[in-house]
Amino acid sequence: MCRAPRVVLGRCRCPAPGLRLCSGSTQSSLKTAPTSAYSSPARSLGDTGITPLSPSHIVNDTDSSVSEQQAFLVVVAIDFGTTSSGYAYSFTKEPECIHVMRRWEGGDPGVSNQKTPTTILLTPERKFHSFGYAARDFYHDLDPNEAKQWLYLEKFKMKLHTTGDLTMDTDLTAANGKKVKALEIFAYALQYFKEQALKELSDQAGSEFENSDVRWVITVPAIWKQPAKQFMRQAAYQAGLVSPENSEQLIIALEPEAASIYCRKLRLHQMIELSSKAAVNGYSGSDTVGAGFTQAKEHVRRHRQSRTFLVENVIGEIWSELEEGDKYVVVDSGGGTVDLTVHQIRLPEGHLKELYKATGGPYGSLGVDYEFEKLLYKIFGEDFIEQFKIKRPAAWVDLMIAFESRKRAAAPDRTNPLNITLPFSFIDYYKKFRGHSVEHALRKSNVDFVKWSSQGMLRMSPDAMNALFKPTIDSIIEHLRDLFQKPEVSTVKFLFLVGGFAEAPLLQQAVQAAFGDQCRIIIPQDVGLTILKGAVLFGLDPAVIKVRRSPLTYGVGVLNRYVEGKHPPEKLLVKDGTRWCTDVFDKFISADQSVALGELVKRSYTPAKPSQLVIVINIYSSEHDNVSFITDPGVKKCGTLRLDLTGTSGTAVPARREIQTLMQFGDTEIKATAIDIATSKSVKVGIDFLNY
């Protein structure tokens, strides 16, 4: 196991307001800070300004401890996507068999329906009605006036990425403009998947399947910050997937990591290599980009009845060419975001090590939809489009469905136009709104690459459609170029293109043109299910990713001995004749620091009074590594660490209590445990990034 160097972080030997130090023979309790013209966040927010005792960085070998999944009979992974979602499962006694969920009712012509649209419908009374195709089709069939009362939501996952101040009370906006609590919607969706999965498992078992026998896995983008991950966990608690008391029953999986885990297992017949000069998988590099992929999709469609995928318990053939230390990039291009992760293979076990912190941005296929919307603004006017969305919400959904199917037909070598059907209510409402026809609007707009067809369709030239893809694809390529400049990413051997957007021939061609001479570009067959299948494998073996990179620098505010000339005068605090420097940033972990699974950051804290029952410590974060004070630019309070001391002291309260806290940064979520040293009893710990 590759271990990160043992380091000691930020040794501070000083007391803190609200907490007492129990290091050495002297003890002091600072309960009030002197008034000063300078007001630090630590003082104004009531921060304890804690001082760690014996801070250290320790490594545990968790291979033996991460075997708790053996207690579960089955692993069920939910790929909660921006545009489509689904679940898959595997029995722990048959880990080589991954079963993808039952086929969904409904669907669009030419679109794989192994996953279902991430759409949800609530009744006018705000009760759950349906999810996926069922929600979309029911909403479509509603009378236009009735539809205005129903709450239809789609593509709502992006809200968790774009909301800077995400809380449990964050709202989503339904198609009719009404607000609804995001937590409610996410909980409804997860509850739906829970019921579907348990019903399928029960049908297969011939008796009712207990939820307690399931290890649940939910996928999230790697670039999501801690609040969004915690939000998803809270939604799972509300949905009844797991309880907070049994939190380890749920694992949060990072999407590109899941894809990476699955890609390790690929056999040659399960992938298409874009950059190949020789024929691979029956397709040669001289073929048109996308042609091989089309044939592969046809192969998948022919075998669609089989929902069971065999994953051999060996490293795939592709890894036979890899040597110890070889690197590869996974580009997870989905509906909302593009996530990039860089991994190194560690032989012979095939364990993975993250080489550079996950990066990416909102460059998913939704960007193409936004460009189409902007095109409609240009032709028909933003005022009309926004009004149409509110007045005819179901018709707007129909229009975007029509665009989606034509979007999937876009290709670099396409020559014939793409026709997008306009709903009758669009044509009718436009005439009432403007007083002239849609055809007149097109002529007047001077958008010469979009014509009006007498069959009631917008006729787009291939160049016009390709232009809608360009800004999003350019952002992906630019982000990849920046990544390839990093020293850690030089000499990458493979680039795996995964996620729903990876099916787009235009994206495939752009990636191939930009990076085909630097590495081999591979697309797994059935690329839209790569993350789902990888998430199941991750649930079966959560310890497969041995080393990760911290996305941010994390720490707390402490006091330190004031050093003349080193510390700013405004940070000086004099108490009982001792000079202290306030607001010192005690660093737990640095941005992009390599951290092994099971590696722990240890801090010891003591309450100001032996009878104190709760210690609340503010956690700060920064994207920068060189942080000195919690007041530095870019440093912000991001959460709290709460130590609940009730029930740990026994009958006699010791005069000196030391609470040892162990924090883990090497997993997909930040975790903490604590113990009362005097009594050896566990202390209840809460890390909160949402309600601080």
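**View 1. D383 in a predicted model, and its partner from another helix.** D383 has 44% relative accessibility and therefore counts as partly exposed. The model shown here and in the views below is predicted. R434 pairs with D383 in a salt bridge, with the closest N and O atoms 2.6 Å apart. D383 belongs to helix 10 (residues 382–391) and R434 to helix 12 (residues 424–434), so the salt bridge ties together parts that are 51 residues apart in sequence. R434, at 29% relative accessibility, is also partly exposed.

**View 2. A salt bridge within helix 10.** E386 and K389 join through their side chains in a salt bridge, 3.3 Å from N to O. The two residues sit three apart in helix 10, so about one helical turn separates E386 from K389. How accessible is E386, as a percentage? E386 has 29% relative accessibility and counts as partly exposed. K389 has 18% and counts as buried, because the cut-off for buried is under 20%.

**View 3. A salt bridge within helix 12.** D428 and K432 form a salt bridge, their closest N and O atoms lying 3.2 Å apart. The spacing is four residues in helix 12, so D428 and K432 are about one helical turn apart. D428 is partly exposed at 28% relative accessibility. K432 is exposed at 61%.

**View 4. A salt-bridge network.** Some salt bridges share partners. Such sharing joins K155, D369, E404, K407, R408 and E503 into one network. Across the model, the count of salt bridges comes to 25.

**View 5. D644, a buried acidic side chain without a salt bridge.** D644 is found in strand 30, which spans residues 636–644. D644 is buried, yet has no salt bridge. Side chains of opposite charge can pair when their charged atoms come close. Which side chain of opposite charge is nearest to D644? That side chain is R642, 4.1 Å away. A salt bridge requires a nitrogen and a carboxyl oxygen within 4 Å, so a distance of 4.1 Å does not count. The side chain of D644 does make a polar contact, at 2.7 Å, with the side chain of T646.

**View 6. Contacts of D644 with residues farther along the chain.** Which residues does D644 touch, leaving aside those up to four places away in sequence? D644 touches L613, V683 and K684.

Technical notes. Residues numbered from 1 in each chain as written. Predicted model: local features only at pLDDT ≥ 70, side-chain atom pairs only at ≥ 80, totals over all residues. Heavy atoms only, no water. Buried < 20%, exposed > 50% of the residue type's maximum accessible area, 1.4 Å probe, protein only. Lys, Arg positive; Asp, Glu negative; His and termini not counted. Polar contact = N/O pair within 3.5 Å; in protein donor to acceptor, adjacent residues only side chain to side chain. Contact = heavy atoms within 4.5 Å.
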